[in-house]
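User: I would like to go through the terms used for this structure and hear, for each of them, what the value is and how it is set against its definition.

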Amino acid sequence: MERKNNREIGSLEEQSAADFLMERGYEIVERNYRCRFAEIDLVAREDGYLCFVEVKYRKNDCFGAPEGVVSPEKMRKISLGAQFYVGEHHLPVDTPVRFDVVLIIGGEISLIQNAFDYRGR
């Protein structure tokens, strides 16, 4: 059996997360958005919000739940990336944004909406 590398696994899990979100009414706007501040796994729209989604995957929960790896520094980078995204796409500065996290542990997927608040500089 061929082992998948981390990039392949990440792509598959991000696709699973995107499918999961679309089943719940999200519209995926962009995948793997990159700017000088951060990489944001998924950008989506849901219920009037522009959602910046971090996907966290673990094969199992032996090393702790994946939500623990969204560090304050990662939150800050995602926040700055989101601010850059809004400006780069010429969206109104008062565009409602939300930071969501999709957790994938083994085959179980869950969603934390509004997982953290904006964390600027």
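Analyst: What follows takes the strands, the cysteines and a pocket in turn. The model is a predicted one, in which local features need pLDDT of at least 70 and side-chain atom pairs count only at pLDDT 80 or more, while totals for chains, interfaces and linings use all residues. Residues are numbered from 1 along each chain as its sequence is written, and side-chain values use heavy atoms, with hydrogens and water left out.

User: Why is β3 described as largely enclosed by the rest of the structure?

Analyst: Buried means under 20% relative accessible area, exposed means over 50%, and partly exposed lies in between (1.4 Å probe, protein chains only). Seven of the 10 residues of strand β3 (residues 49-58) are buried, and therefore the strand counts as largely enclosed. Strand β2 is also described as largely enclosed, because six of its eight residues are buried.

User: What makes β2 and β3 a pair of strands?

Analyst: Strands (E, at least two residues) and helices (H or I, at least four) are DSSP runs, numbered from the N terminus, and two strands pair if DSSP finds at least two bridges between them. Five bridges join β2 (residues 39-46) to β3, and the two run antiparallel, so the requirement of at least two bridges is met. One of the bridge partnerships links E46 with Y49 in β3, and another links V43 with F52 in β3. The two strands form a hairpin with two residues between them, and D47 in the turn has a positive phi of about 50°.

User: Which other strands do β2 and β3 pair with, and in which direction do they run?

Analyst: Six bridges join strand β1 (residues 27-34) to β2, and these run antiparallel; V43 in β2 is the bridge partner of E30, and a hairpin joins the two strands through four residues. By contrast, β3 and β4 run parallel and are joined by nine bridges, with V102 in β4 as the bridge partner of V55.

User: How do you know how many disulfides there are?

Analyst: A disulfide is a pair of cysteine sulfur atoms within 2.5 Å, and by this rule the count comes to zero. As for burial, C35 counts as buried because its relative accessibility is 17%, and C51 is likewise buried, with a relative accessible area of 0%.

User: What makes the second largest pocket a pocket, and what lines it?

Analyst: On a 1 Å grid over the protein atoms alone, a pocket is an open set of points with protein on both sides within 12 Å along at least five of seven lines, whereas a cavity is a set where a 1.4 Å probe fits but cannot get out; lining residues have an atom within 4 Å of a point. The second largest pocket holds about 150 Å³ of space, and S79, Q83, F99 and Y118 are among its lining residues. Helix α2 (72-88) and strand β4 (97-105) each supply at least two residues of the lining, and the largest share, four residues, comes from α2.

User: Why is Q83 called partly exposed?

Analyst: Q83, which is found in helix α2, has 47% relative accessibility and therefore counts as partly exposed. Q83 and Y118 are 35 residues apart in sequence and 9.2 Å apart in space, C-alpha to C-alpha.

Terms used:
Grid points are joined across faces, edges and corners, and a volume is the space filled by probe spheres set on the points.
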